[in-house]
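This report describes one protein chain for a reader who is new to structural analysis. Please keep the sequence and the model in view while reading.

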Amino acid sequence: MSGLNRHTLSELPRDVLKPQYDLNSTQRGIVHLGPGAFHRAHQAVYTDLAMSAEGGNWKIDGVSLRSKDLRDNIKAQDNLYSLMVLDDSPYVQVIGAFNQIFVLGEQRHQVMEALTDASTHIISLTVTEKGYCLNNKGELDWQNPDIKHDLAHRDIPKSSIGLLVAALEARFIQNKAELTIISCDNLSDNGDKLANAVITFANEISQNLANWIKENICFPNTMVDSITPATDDALKEQTKLKISVNDAWPIQRESFTQWVVEDKFSGPRPAWDKVGVTFTDDVHIYEKAKLRILNGTHSTLAYIGSLVDLETVYEAISISEFEQFIRQLLSQEILPSIDNATGMDLDEYANDIIKRYHNKHIRHFLTQIAWDGSQKIPFRILNTIRDNIKAERSIVLLCVPIAAWCLFLAKRTKEEHEIVDPLAEVLTGLVKKNVDSPLNLVDDILDLTAVFADLSANQKFRNTIKQHVVTLNMVNKSNLAGCLTQL
Ligand code: CS2
């Protein structure tokens, strides 16, 4: 069977959606750091649709900070790939938005050229929470090994912050402003945090550079949303059946997709507003609601579900007591924490998210969500806990996912699975030190101020988590329902 490329594009079945702009003549206008599945299923799709709607030179140069797989697979496909949208009526859309993919370590020169070219008006990022190299105050972490490296070797940066500052320094020297830098990761105030980290790093090099960035470059805050399970062999097979050619690197997602962007740009942008992107002066309410309601409950499902060997979000939410627990967590402790000045219907929003979890076509693995807990939990759960403590609201249910995370780490280690987390080494060390005592393990984990900050010293928080650990330590698939009703 032949492969997906520009020649075979015209032979695809008629129901496959295709780019409606000239793939040959359209030029790059965006450089994206971290072109993983989420970017390819989300921002790249909006950009593809925007070029189909209104044209413009907005193709994307993707920069992989580490992995070569995407570049090597997609090159042979003329940088085309399929997006499988999974719902009751699944469909495929071929995306042509990529100009090319670079691997930072091997193609530094080309990456720098792309980042500093005057025709690049947008640099966007999906580098996950850890990619921002922040400390527990949300500020640049000078102790981060990549940041230390980048400060000492400014011409060969490893981190996205070091790379952005190197590019901005070159643009500053050449006076090439007209650039907007867009964070598309699940961090609260993602644009503000990125701006702050970049300016802090730049200030270490030159105050003039830092001032120029402050005055000339915009870093809008954004909220991004679409459930995007990792690519697997089943998807490759399903895509092949739908498009009758081979695609080495398709991606999948649900049909729901949302992108809210602060309307703060220093230069032009694609016609994203014509294809469903919301531009607004204030992203905070969207961001807060999404992080706390969706990502907060996602992590809760992931840690509790993994303790009893459930595999997917769909499997977990299909257990009615589990759904009931999630609904209680939402109504009693999460929704009250969201000050809703805009009048957004939070109950309906939360309800719609639970409906999305019930999408039986999506196999979203709980382990995928469980990764990087030390980086995700602060934004998804700890900020909600802080707000509730301040307002004297309950934190009892919000402490359950933290307890489950501690036991999840112990279980993974015991079963000799890898812990995927930037703090993996520390966490594994704590688990091994406390094999026979989950309560001591919890104490040691809660002492990690890099994760829990002020909450490490909060006795009520600690005691509530320890009580849950006693209950959850006994949980298994058959007593899960009963256990959830006791929490
Ligand atoms: C998930 C998110 O993997 C995870 O941690 O919670 O990727 C989630 O699917 C997206 O934020 C949905 O927009």
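## Strand E3 and its surroundings

Strand E3 pairs with strand E9 (residues 251–254) in the parallel sense over four bridges. Two strands are said to pair if DSSP finds at least two bridges between them. Helices (H or I, at least four residues) and strands (E, at least two) are DSSP runs, numbered from the N terminus. The model is a predicted one: local features need pLDDT of at least 70, side-chain atom pairs count only at pLDDT 80 or more, and totals for chains, interfaces and linings use all residues. Residues are numbered from 1 along each chain as its sequence is written.

Within the pairing of E3 and E9, Val 85 has Arg 253 as its bridge partner. E3 is also joined to strand E4 (residues 91–95) by five bridges, and these two strands run antiparallel. A hairpin of four residues connects E3 to E4. In E4, Ile 95 is the bridge partner of Tyr 81, and Tyr 91 stands opposite Val 85.

Is E3 buried or exposed? Six of the six residues of E3 are buried, so the strand is largely enclosed by the rest of the structure. Here a residue is buried if 20 or more other C-beta atoms lie within 10 Å of its own, exposed if 12 or fewer, and partly exposed in between; the C-beta atoms are placed from the backbone. In a regular strand the side chains alternate between the two faces of the sheet. Tyr 81, Leu 83 and Val 85 are buried on one side of E3, and Ser 82, Met 84 and Leu 86 are buried on the other.

## Two loop residues with positive phi

The table lists two residues other than glycine that have a positive phi value.

| Residue | Phi | Place |
|---|---|---|
| Asn 79 | near 65 degrees | loop between helix H4 (69–75) and strand E3 (81–86) |
| Asp 372 | near 60 degrees | loop between H15 and helix H16 (373–390) |

Asn 79 counts as buried because it has 23 C-beta neighbours inside 10 Å. Asp 372 counts as partly exposed because it has 17 C-beta neighbours inside 10 Å.

## The nonpolar core and buried helix residues

A nonpolar core is a set of buried Ala, Val, Leu, Ile, Met, Phe, Trp, Tyr and Cys residues joined through C-beta atoms within 7 Å. The largest nonpolar core holds 146 residues, of which Val 198, Ala 403, Ala 404 and Cys 406 touch the most other members. Helix H17 (residues 399–414) gives the largest share of this core, 11 residues. In soluble globular proteins, nonpolar side chains tend to be buried together.

Two residues are in contact if their C-beta atoms, placed from the backbone, lie within 7 Å. Not counting residues up to four places away in sequence, Val 198 touches Ile 161, Leu 164, Val 165 and Ile 213.

In helix H5 (residues 108–116), Val 111, Ala 114, Leu 115 and Thr 116 are buried. The elements against which the buried residues of H5 pack include strand E1 (28–33), strand E2 (59–64) and helix H7 (160–173).

Thr 464 is found in helix H21 (residues 459–472). Thr 464 is buried because 21 other C-beta atoms lie within 10 Å. With residues up to four places away in sequence not counted, Thr 464 touches Ile 395, Val 396 and Cys 399. Thr 464 and Cys 399 are 65 residues apart along the chain, and their C-alpha atoms are separated by 6.6 Å.

## The shell around the ligand

Which residues are around the ligand? They are Asn 186, Asp 225, Ser 226, Ile 227, Leu 294, Asn 295, His 298, Gln 368, Ile 369 and Lys 376. A residue is near the ligand if its C-beta atom, placed from the backbone, lies within 6 Å of it. Helix H11 (284–307) and helix H15 (366–370) are the elements that give two or more residues to this shell. The largest share, three residues, comes from H11.

## Annotated domains

An unreviewed UniProt entry annotates residues 29–274 as "domain: Mannitol dehydrogenase N-terminal". This span is 37% helix and 20% strand, and its end C-alpha atoms lie 18 Å apart. The entry also annotates residues 282–470 as "domain: Mannitol dehydrogenase C-terminal". Over residues 282–470 the chain is 69% helix and 0% strand, with the end C-alpha atoms 42 Å apart. UniProt positions are given in the numbering used here, feature names are shortened, and annotations may be inferred rather than shown by experiment.
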